[in-house]
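Here is a friendly note to read alongside the model. Keep the structure open and look up each part as you reach it.

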Amino acid sequence: MEMVVSAIAGDLVNRFISFLIKKHESHANLQKKVERLQQLLRRVHMVVEEAEGRYITNSKMLLELKRLVEAMYQGYHVLDTIKYRVLCSSRAEKEVSSSSNALSLANSINCFRTNSINCFHTTRSTTIFDHLESSLENLETMVSNMKEFVFLVGGCERMSRSPYDTYLYTDNFMFGRQVEKQQIMSVLLQENIPPFAPTVLPIISTNRVGKKTLVAHVCNNDRVQSHFSSILRLNGESICRTEHGAFIQAGRTLVVVEFTSDIDDESWQKFYSSAKRMGKGSKIIVISRIENVSRLGTIRPMHINSLSLEEYSYLFKVLAFGSTNPEDHPQLSSVASELAVLMGGSLVVANVCADIFRKNQNVQFWQRILNKYRNVVANNLSVFREHPKLLMERDRQVDIAKLVSSTSAPLRLMPPHCEDDDCARDLPKVRFGDLIAGSVVPPKEEFELVAWESRIPSYKKYVNVAKFSGEVNVSERAVSPSKKRRRFN
């Protein structure tokens, strides 16, 4: 009997030792792969940053740059997810049970696209290793094939950099969109095809994804400004009520027209007929969220999509940490990663949260904000069956009462639908960042919630009118402050 027990015990010991060896080998193998991923990301990032500082007119090169950028951000996201997993596994199970699965790569991406509450449940961690293998294979292939691309980029003219185009001024740079920016510039700097009527480029996207900011950056480019004698900004309403000959300029002109509603074909044709009298090489950019407006274009429209989860998460960390290295603060980094998923791609919320995070880089503070926003998302999914970002895009009310710990009454607001300074009302003002941070108590009556003020063109200031109520008729507007309004000509 003793011999049997001894044999069983020996077998168990051998199995345990075998398990430990395999676990050690698996950990060592994972570590090597992570180090290789970091090496590849450094090489690709170096090439991407250099390419983004050059004038690239070749469409195939721009397509290759876009592929490099996408692969780079996917790699960074995989890296962050693995670090998050390691951090979670080092904590007690009860401390991470509500969040340890939130960043499964496949489900996080799906969550970003569908904004479904089910997305915060995940599969097992093997999914992460599958994506690690996929990301490594993708980056390895790209690095081995990018010698020709690097050579061609070196022959492209270097563009001058403005302060807000660099990482040195975290608040004042336009993140990403470099490929789209180069594509727009390529259209603007080309000669018009016969009969040399102004080229019309429609740029279509949903609300608040950065289309006006993108166009403003293009208009501020030195080469674009020197190419056109004047750059004018109009809106759809002004086209319909203004004498069309009033905007005609003698030289080569760039006209940027924003449509918040559709325009009838007769009014557009009258405007375009007048535009044909502008100087040779003139161009028209049409900006709208209405897909039907794309019919006005003389060339294929450009559709601006929301940032991918990988790119959005990277942007949020750049903004939230500022000059601080996220590598030195793994707990803060894991909170930022989860919050990036919860925010669903909203640039306004990302900028507000990043601003208050930079001012207070305390783990408990960041975790408290994460819990608040998690409750906001869950509440809106429960009440309205949609993520707050989708509600805002569809001009529907959003309940943000969970950001205020002192109340259980609904606090509702609506997205912007008015952009005139004349719409301003004499109401108490509360900054969205202060409300999230808990440093202010919102008034019980109707008040203005200053959500975010852009520090780069087009200098938009987003203001919500909101109040506590069961059923609220609220309005939100985007105001261009007169002190910061810029003319392009």
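1. Let us begin with a single residue, V335. At 4% relative accessibility, V335 counts as buried, since the cut-off for buried is under 20%. You will find V335 in helix α13. Please remember throughout that this is a predicted model.

2. Which residues does V335 touch, leaving aside its neighbours within four places in sequence? They are W366, Q367 and L370. V335 is also 9.9 Å from R368, C-alpha to C-alpha, although 33 residues separate the two in sequence. Two of the contact partners, W366 and L370, are themselves buried residues of helix α15.

3. Now step back to the whole chain. The chain has 489 residues, and 52% of them are buried. Its secondary structure comes to 17 helices and 11 strands. Of the contacts with a separation of 6 or more, 70% are between residues 24 or more positions apart. The contacts of V335 with W366, Q367 and L370 give you a local example of residues meeting across the sequence.

4. Helix α15 deserves a closer look. With 21 residues, α15 reaches 30 Å from its first C-alpha to its last, close to the 30 Å expected at 1.5 Å a residue. Its buried residues include F365, W366, I369, Y373, V376 and V377. K372, N379 and N380 are on the buried list too. Among the elements that cover the buried residues of α15 are α12, α13, α14 and α16, together with β6 and α17.

5. One of those covering elements, α14, makes a good exercise in helix packing. Helix α14 (residues 347-359) and helix α15 (residues 363-383) pack at an angle of about 155 degrees, and their axes are 11 Å apart. That angle makes α14 roughly antiparallel to α15, because the cut-off for this description is over 145 degrees. The crossing of α14 over α15 is right-handed.

6. Which residues make this contact? From α14 come V349, I356 and F357, while α15 supplies F365, W366, I369 and Y373. By class, the contact of α14 with α15 has 7 nonpolar residues, with no polar and no charged ones. While you have α15 on screen, a general rule is handy: an α-helix has 3.6 residues a turn, so residues three or four places apart point the same way.

7. Another element covering α15 is α12. The 13 residues of α12 (residues 309-321) should span 18 Å at 1.5 Å a residue, and its end C-alpha atoms are indeed 18 Å apart. Is α12 mostly covered or mostly uncovered? It is mostly covered, with 13 of its 13 residues buried. Just after α12 comes G322, whose phi is positive, near 60 degrees.

8. For a contrast in surroundings, turn to R385, in the loop between α15 and α16. R385 has a relative accessible area of 67%, so this residue is exposed. Its phi is positive, about 65 degrees, although R385 is not a glycine. As a rule, most residues other than glycine have a negative phi.

9. Please compare helix α7 (178-189) with helix α8 (211-220) next. Their axes come within 10 Å and cross at roughly 55 degrees. The two helices are therefore oblique to each other, and α7 passes α8 in a right-handed crossing. The contact is made by E180, K181, I184, M185 and L188 of α7 and by L214, H217 and V218 of α8. These residues divide into 5 nonpolar, 1 polar and 2 charged.

10. How many of the 10 residues of α8 are buried? The number is 9, so α8 is largely enclosed by the rest of the structure. Among the buried ones are K211, K212, T213 and C219. The buried residues of α8 pack against α7 and α9, and also against strands β1, β2, β3 and β4.

11. Finally, look at P428, in the loop between β7 and β8. P428 is partly exposed, with a relative accessible area of 31%. Leaving out residues up to four places away in sequence, P428 touches P443, E445, E446, F447 and E448. The C-alpha atoms of P428 and F447 are separated by 5.0 Å, with the two residues 19 apart along the chain.

How values were computed: Residues are numbered from 1 along each chain as its sequence is written. This is a predicted model: local features need pLDDT of at least 70, side-chain atom pairs count only at pLDDT 80 or more; totals for chains, interfaces and linings use all residues. Side-chain values use heavy atoms; hydrogens and water are left out. Axes are lines fitted to C-alpha atoms, for helices over the stretch in contact, and angles run from 0 to 180 degrees between N-to-C directions. Helices (H or I, at least four residues) and strands (E, at least two) are DSSP runs, numbered from the N terminus. Angles under 35 degrees count as roughly parallel, over 145 as roughly antiparallel, 65 to 115 as roughly perpendicular and the rest as oblique. A crossing is left-handed if the near helix is turned anticlockwise from the far one by less than a right angle, and right-handed if clockwise. Contact means heavy atoms within 4.5 Å. Ala, Val, Leu, Ile, Met, Phe, Trp, Tyr, Cys and Pro count as nonpolar, Asp, Glu, Lys and Arg as charged, and the others, Gly among them, as polar. The expected span of a helix is 1.5 Å times one less than its number of residues. Buried means under 20% relative accessible area, exposed over 50%, partly exposed in between (1.4 Å probe, protein chains only).
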